[in-house]
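Me: I'd like to talk through this structure with you, one question at a time. Can you take me through the ligand site and then a few residues elsewhere?

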Amino acid sequence: MWTVGQACAALGCCALLLLFFIMVLQLLKQRHPKGFPPGPTGLPLVGNILALASEPHVYMKKQSKIHGQIFSLDLGGISAVVLNGYDVVKECLVHQSDVFADRPSLPLFEKMTKMGGLLNAKYGRCWTEHRRLATSSFRTFGYGQKSFDDKISEECMFFLDAIDTYKGKPFDPKHLITNAVSNVSNLILFGERFRYDDTDFQHMIEIFSENVELATSAWVFLYNSFPMIGILPFGKHKQLFRNADEVYNFLLSIIKRFSENRTPHFPRHYIDVYLDEMEQNKSDPGASFSTENLIFSVGELIIAGTETTTNVLRWAVLFMALYPNIQGQVQKEIDLVVEPNRQPSLEEKSRMPYLEAVLHEILRFCNVVPLGIFHATSKETVVRGYSIPKDTTVITNLYSVHYDEKYWHDPDIFYPERFLNSSGQFVKKEAFIPFSLGRRHCLGEQLARMEMFLFFSALLQRFHLHFPHGAVPNLKPKLGMTLQPYPYPICAERRQSGQSRAHC
Ligand code: HEM
């Protein structure tokens with residue numbers, strides 16, 4: 001028989017052995033394959049995770065100066081390749097588009113969407129079917145319809161009227177912009193807009209965007225490396241999972257509501273199209289259409305569309321108040337092109353090169369999705385002489401592309417004129433890729449461009465934007481998968497129609 005002391009000692013030995021075994025396993029995982037790109041030395045077990053705690057995109061750009069445009073990072077046993085600068089991003093995403101079109105099977109994504117849905121789906125049948133269905137629905141119920149511009153303009157009207165209720169007093173524009181932007185996607189997904197006082201929908205968006213922030217927390221990186229920390233009762237990953245469950249249940253209930261009274265083969269919106277497709281493919285065991293994937297794809301479309309476009313517009317408002325001269329010049333252009341008492345329309349876009357240049361510079365300078373969405377290799381490949389095995393996580397540093405000195409003069413300076421030629425016409429720039437490139441490039445680019453133009457031009461047509469007296473805005477971005485401004489107050493004072501026309 002063992003004494004209590006002996007039993008404790010034996011248990012202690014077992015625990016030590018287990019810990020030793022886990023450490024050896026982890027160190028083995030941390031070994032790089034032969035021919036893999038070099039990278040900064042990491043710590044045992046956690047690798048380079050701690051270096052990513054603040055401004056990972058900036059850290060990665062700096063590391064590329066030491067290790068080259070393609071280098072590796074150790075995300076706690078997950079070997080990742082980082083692509084920096086336009087040339088190598090294009091080489092991989094465009095010249096080897098098939099190879100770089102996968103998403104990594106990280107424990108977080110496995111738990112959240114089982115690698116199904118659309119945005120996080122593995123590069124295979126599920127992704128192809130969902131991407132095709134979403135693209136065609138966006139066309140059918142969105143920009144393919146002649147009346148869709150009018151529907152966005154109608155949403156603009158609700159948005160401007162809601163701003164008007166503040167009567168020039170300071171307010172944080174975040175919630176109104178979020179509501180207005182998400183309503184444009186809602187028209188396609190549900191065939192309806194949600195009222196700005198629909199607190200349930202707003203709460204859903206809030207906790208969903210909290211997850212976009214939490215997804216890059218150190219806890220979540222640790223969870224990806226050591227999924228067993230999921231059993232701990234605390235940690236930011238726990239909050240993320242709680243939020244995800246709540247969002248899932250909410251989406252399930254609204255999908256049920258919006259599919260009521262549906263007539264098969266007469267779809268009114270994305271949900272109806274999806275349910276038709278599910279029924280048609282019932283007997284095909286390989287088909288990916290399911291209630292679960294419907295919920296995942298709807299959630300992804302809502303958040304991918306809302307979090308990004310909203311943050312671009314929030315940066316745009318902040319920069320206009322920061323640079324009143326630029327604001328004045330945009331307003332002058334609007335007043336010259338658009339008749340007073342009528343909202344700007346998409347046909348007028350080509351006659352507003354300066355406004356286009358300002359929006360493009362905001363997208364370049366602010367980098368709302370600085371690291372894109374993680375990619376993975378679908379097969380083994382070679383890039384610039386380095387071997388990259390199948391299933392390697394690939395990070396596209398879009399921030400480094402937009403600050404690539406080879407393509408941008410003084411990239412740290414906010415300078416909309418870089419998008420204009422000497423006669424003031426708008427010019428496209430090759431290294432401008434806020435929507436990424438290749439097979440997985442943003443599905444909502446066309447919609448986002450419409451929304452940004454219509455909301456931004458309507459806002460500046462009606463209001464003069466300025467900070468409340470004495471307010472100093474914080475230009476540092478709040479970190480997450482997206483870069484957003486910290487909340488700030490703004491005053492929106494009604495302009496007289498054609499105000500700058502009177503001055504010119
Ligand atoms: C200014 C606004 C937007 C920006 C800057 C933006 C940017 C991006 C970026 C960088 C990616 C990653 C592409 C990659 O993996 O390489 C992406 C993917 C995606 N975006 Fe957007 N996006 C915007 C608006 C939208 C909108 C309005 C929607 C839809 C309503 C949308 C839907 C998607 C989807 C579904 C994907 C995943 C595509 C796939 O995996 O096949 N985005 N977006």
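Reply: Sure, with one cut-off up front: buried means under 20% relative accessible area, exposed means over 50%, and partly exposed is in between. Keep in mind that this is a predicted model.

Me: Then let's try it on Asp-410: where does Asp-410 lie, and is it buried, exposed or partly exposed?
Reply: Asp-410 lies in the loop between helix 15 and helix 16. Its relative accessible area is 41%. Since the in-between class runs from 20% to 50%, that value makes Asp-410 partly exposed.

Me: What is the phi of Asp-410 near?
Reply: Most residues other than glycine have a negative phi. Asp-410 isn't a glycine, yet its phi is positive, near 45 degrees.

Me: Which other residue has a positive phi although it is not a glycine, in the loop between helix 14 and strand 3?
Reply: That loop joins helix 14 (353-366) to strand 3 (375-376). The residue there has a phi of about 45 degrees. It is buried, because its relative accessible area is 3% and the cut-off is 20%. The name you want is Asn-367.

Me: On to the ligand. Which residues come nearest to it?
Reply: There are 27 residues around the ligand. To be counted as near, a residue needs a heavy atom within 4 Å. The ones that come nearest are Trp-127, Arg-131, His-375, Ser-436 and Cys-442.

Me: How do the residues of that shell divide into nonpolar, polar and charged?
Reply: Charged residues number three and polar ones seven. The nonpolar count of the shell is 17.

Me: Which helix gives the largest share of the shell?
Reply: Helix 5 (125-143), helix 12 (291-322) and helix 16 (445-462) each supply at least two residues. The largest share is six residues. Those six come from helix 12.

Me: How far apart are the end C-alpha atoms of helix 12, and what span should its residues give?
Reply: Helix 12 has 32 residues, and at 1.5 Å a residue they should span 46 Å. The expected span agrees with the model, because the end C-alpha atoms are 46 Å apart.

Me: Is helix 12 mostly covered or mostly open, and how many of its residues are buried?
Reply: Helix 12 is mostly covered. Out of its 32 residues, the buried ones number 27.

Me: Which side chains put a polar atom by an oxygen atom of the ligand, and what is the distance for Arg-131?
Reply: Trp-127 has a polar side-chain atom 2.8 Å from a ligand oxygen. For Arg-440 the distance is 2.9 Å. Arg-131 also places a polar side-chain atom by an oxygen atom of the ligand, at 2.7 Å.

Me: What is the protein donor of the iron atom, and at what distance does it sit?
Reply: Cys-442 is the only protein donor, through its SG atom. UniProt, in an unreviewed entry, places the feature "binding site" at Cys-442 too. The distance from SG to the iron atom is 2.3 Å.

Me: Where is Cys-442 found, and what is its relative accessible area?
Reply: Cys-442 is found in the loop between helix 15 (398-402) and helix 16. Cys-442 counts as partly exposed, because its relative accessible area is 30%.

Me: Away from the ligand, what joins the side chains of Asp-335 and Arg-495?
Reply: Asp-335 is in helix 13, residues 324-337. At 3% relative accessibility, Asp-335 counts as buried. What joins its side chain to that of Arg-495 is a polar contact of 2.7 Å.

Me: How far apart in space are Thr-216 and Leu-479?
Reply: Thr-216 is placed in the loop between helix 8 (199-214) and helix 9 (218-225). Thr-216 is partly exposed, with a relative accessible area of 28%. In sequence, 263 residues separate Thr-216 from Leu-479. C-alpha to C-alpha, they are 8.1 Å apart.

Me: And how far apart in space are Phe-208 and Arg-314?
Reply: Phe-208 lies in helix 8. Its relative accessible area is 15%, so Phe-208 is buried. Phe-208 and Arg-314 are 106 residues apart in sequence, and their C-alpha atoms are separated by 18 Å.

Definitions and conventions. Residues are numbered from 1 along each chain as its sequence is written. This is a predicted model: local features need pLDDT of at least 70, side-chain atom pairs count only at pLDDT 80 or more; totals for chains, interfaces and linings use all residues. Side-chain values use heavy atoms; hydrogens and water are left out. A polar contact is a pair of N or O atoms within 3.5 Å; within protein, one must be able to donate a hydrogen and the other to accept it, and residues adjacent in sequence count only if both atoms are side-chain atoms. Helices (H or I, at least four residues) and strands (E, at least two) are DSSP runs, numbered from the N terminus. Ala, Val, Leu, Ile, Met, Phe, Trp, Tyr, Cys and Pro count as nonpolar, Asp, Glu, Lys and Arg as charged, and the others, Gly among them, as polar. The expected span of a helix is 1.5 Å times one less than its number of residues. Buried means under 20% relative accessible area, exposed over 50%, partly exposed in between (1.4 Å probe, protein chains only). Donors are N, O and S atoms within 2.8 Å of the metal (3.2 Å for Na, K and Ca); water is not among the atoms, so sites may look incomplete. UniProt positions are given in the numbering used here, feature names are shortened, and annotations may be inferred rather than shown by experiment.
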